[in-house]
Amino acid sequence: MENKVKRNYDLVMQEQMKNVEKGTPLLLHSCCAPCSSACLERLKDTFKITVLYYNPNIDEDAEYEKRKAEQIRFLQETGWAEFLDCDHDAEAFAEMAKGLENEPERGARCYRCYALRLSKTAEIAKANGFLWFGTTLTLSPHKNHVWLNEIGEKEGGRYALNYLFSDFKKQGGYYRSIDLSKEYGLYRQDFCGCKYSRKTEPKNEE
């Protein structure tokens, strides 16, 4: 899990998008409406996007449903993407986290959480005929975009899919998400979702 020589994943994505036919279907994993906002704004004129809401890291049903409802409302108000729901599979995260309960934030447990969500996204993309998939998780300055892109690339190879590389916080993406959140009155949670992050996450970060 050690970081290798860093690639400029924003530039990689720009090159990918130059070679994509307009309207190409993309399955985009989203962690929440605020993070999805700036990502969708940037991608919507190139891809026909379906947002996948798969976040088993959110341990409380009420919090999960609140975030999902905000995601759906945002998509309905903007029309920027379709929505594909998943069951609230909190048990999958709990099983994955066994033995990693005392890991620090942004450590091995988070890496495994990224892998859990991206693997599922790739699996669902393959099952539903998508050729492209990606994630909004790289928008947050508190997520390791290098790990996310390495995992995405690996899962893309595993399922014979195109992974959309990204570093959505580039070009002011994170700050744009704050502006869009204010514009649409989006709920901005103050922890990533799992019980381990509740005490350690900075406020108003996804």
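Helix H1 spans residues 9-18, and its buried residues are Tyr-9, Asp-10, Met-13, Gln-16 and Met-17. They share the same side of H1, because they cover an arc of only 120° around the axis. The model is a predicted one. The buried residues of H1 pack against several elements: helix H2 (33-43), strand S2 (47-53), S4, H6 and strand S5 (162-163). Asp-10 also takes part in a contact at the start of the helix. There, a side-chain oxygen of Asn-8 comes within 3.2 Å of the backbone nitrogen of Asp-10.

H2 leads on to the next helix. Two packed helices are described by the angle between their axes and the distance between the axes. For H2 and helix H3 (residues 61-78), the angle is about 30° and the axes are 9 Å apart. H2 and H3 are therefore roughly parallel to each other, since angles under 35 degrees count as such. From H2, the residues Ala-33, Ser-36, Ser-37 and Leu-40 meet Glu-70, Gln-71, Phe-74 and Leu-75 of H3.

Leu-40 appears again in the nonpolar interior. In soluble globular proteins, nonpolar side chains tend to be buried together. Here the largest nonpolar core has 50 residues. Those touching the most other members are Leu-26, Leu-40, Leu-43, Phe-47, Ile-49, Phe-133 and Leu-164. Take Ile-49. Setting aside neighbours within four places in sequence, Ile-49 is in contact with Leu-26, Leu-28, Leu-40, Leu-43, Lys-44, Trp-80, Ala-81 and Glu-82. A second, separate core has 5 residues, including Phe-93, Met-96, Ala-97 and Cys-113.

Three members of that second core, Phe-93, Met-96 and Ala-97, are touched by Arg-109. Arg-109 is in helix H5 (residues 108-127). Is Arg-109 buried or exposed? Its relative accessibility is 2%, so Arg-109 counts as buried. Where does the side chain of Arg-109 reach a backbone oxygen? It does so at Glu-103, at 2.9 Å. The Arg-109 side chain also makes a polar contact of 2.7 Å with the side chain of Glu-105. Beyond residues up to four places away in sequence, Arg-109 touches further residues, among them Leu-100, Glu-101, Asn-102, Pro-104 and Tyr-196.

H5 also holds Lys-120. Lys-120 is partly exposed, because its relative accessible area is 28%, and the limit for buried is under 20%. Lys-120 and Lys-66 are 54 residues apart along the chain, and their C-alpha atoms are separated by 22 Å.

Next comes a loop. Thr-138 is found between strand S4 (132-135) and helix H6 (145-159). Thr-138 counts as buried because its relative accessibility is 0%. Which side chain joins that of Thr-138 in a polar contact of 2.8 Å? The partner is Ser-166. Thr-138 has other contacts too. Leaving aside neighbours within four places in sequence, they include His-145, Leu-148 and Asn-149. Asp-167, Phe-168 and Lys-169 are also in contact with Thr-138.

Asn-149 gives a reference point for the last helix. Asp-179 lies in helix H7 (residues 173-184). Asp-179 counts as partly exposed because its relative accessibility is 42%. Asp-179 and Asn-149 are 30 residues apart in sequence. In space, their C-alpha atoms are 26 Å apart.

Definitions and conventions:
Residues are numbered from 1 along each chain as its sequence is written. This is a predicted model: local features need pLDDT of at least 70, side-chain atom pairs count only at pLDDT 80 or more; totals for chains, interfaces and linings use all residues. Side-chain values use heavy atoms; hydrogens and water are left out. Helices (H or I, at least four residues) and strands (E, at least two) are DSSP runs, numbered from the N terminus. Buried means under 20% relative accessible area, exposed over 50%, partly exposed in between (1.4 Å probe, protein chains only). A polar contact is a pair of N or O atoms within 3.5 Å; within protein, one must be able to donate a hydrogen and the other to accept it, and residues adjacent in sequence count only if both atoms are side-chain atoms. Contact means heavy atoms within 4.5 Å. A nonpolar core is a set of buried Ala, Val, Leu, Ile, Met, Phe, Trp, Tyr and Cys residues joined through side-chain atoms within 4.5 Å. The arc is that of the directions from the helix axis to the C-beta atoms. Axes are lines fitted to C-alpha atoms, for helices over the stretch in contact, and angles run from 0 to 180 degrees between N-to-C directions. Angles under 35 degrees count as roughly parallel, over 145 as roughly antiparallel, 65 to 115 as roughly perpendicular and the rest as oblique.
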